[in-house]
Amino acid sequence: MTDEEQAEQLHRCLGDDSLPLDVRTAGALTLLFGLQHTKLLELTVHDVIDDHVTVALNLAGRHLPLPPEVARLVRAQRDKCQARWQLDHTACTTPWLFPGQEPARPLGATYLNLKLRRHGIAPRAGRNNARLALATDLSASVLADFTDTSISSATRWTGYARRDWLDCIASRRQI
């Protein structure tokens, strides 16, 4: 996937109201942050931290701040799912951010992949492109924390980006 194709898909997620809200939200988070669908589908409405100024996602105890356009989508998705959960909270104790057909389960990762592709979003290529872009700007340890992935996976991505972090390590040592 080219950067232009990824940008076009991200713009569709952010601005095309004809796409379903869950597709727009999951697509934007995948294309921008390279998050795995299994991580997205573990999120609950309580993982959306909203202080009415900024919005962040709680990923394994770390807060991932969201840009305003993505925050708007995540807020809308949270509100929609919270309202649905309030109507049927006796059937489910977990208010999923991406609920499945059965209230007690989140959406399936395979189904989300198919749904994104059906609406013209390339989830795997978009995630890989986003991770490569992040790996050019972040060290492996920061990338692992940022995307909630293993350090070995983040190290591979920074290796693909071929960025030399020795200057960063040297400057941290002087502090």
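This report walks through the core, the salt bridges and a charged surface patch of a predicted model. Local features need pLDDT of at least 70 and side-chain atom pairs pLDDT 80 or more, while totals for chains, interfaces and linings use all residues. Residues are numbered from 1 along each chain as its sequence is written, and side-chain values use heavy atoms, leaving out hydrogens and water.

Let's start inside. The largest nonpolar core (buried Ala, Val, Leu, Ile, Met, Phe, Trp, Tyr and Cys joined through side-chain atoms within 4.5 Å) has 32 residues. Leu29, Leu57, Leu66 and Val74 have the most contacts inside it. Helix H2 (21-33) is among the elements giving two or more residues to this core, and H2 supplies the largest share, seven residues. Helices and strands here are DSSP runs (H or I, at least four residues; E, at least two), numbered from the N terminus.

Now the charges. There are six salt bridges (a Lys or Arg side-chain nitrogen within 4 Å of an Asp or Glu carboxyl oxygen) in the structure, including these:

| Pair | N to O distance |
|---|---|
| Asp17 and Arg24 | 3.0 Å |
| Lys115 and Asp22 | 2.7 Å |
| Asp50 and Arg78 | 3.3 Å |

Asp17 is exposed at 62% relative accessibility, but Arg24 is buried at 5%; buried means under 20% relative accessible area, exposed over 50% and partly exposed in between, with a 1.4 Å probe and protein chains only. Asp50 and Arg78 are both buried, and they belong to a salt-bridge network with Arg75 and Asp79.

Finally, Glu5 sits in helix H1 (residues 3-15) and is partly exposed at 42%.
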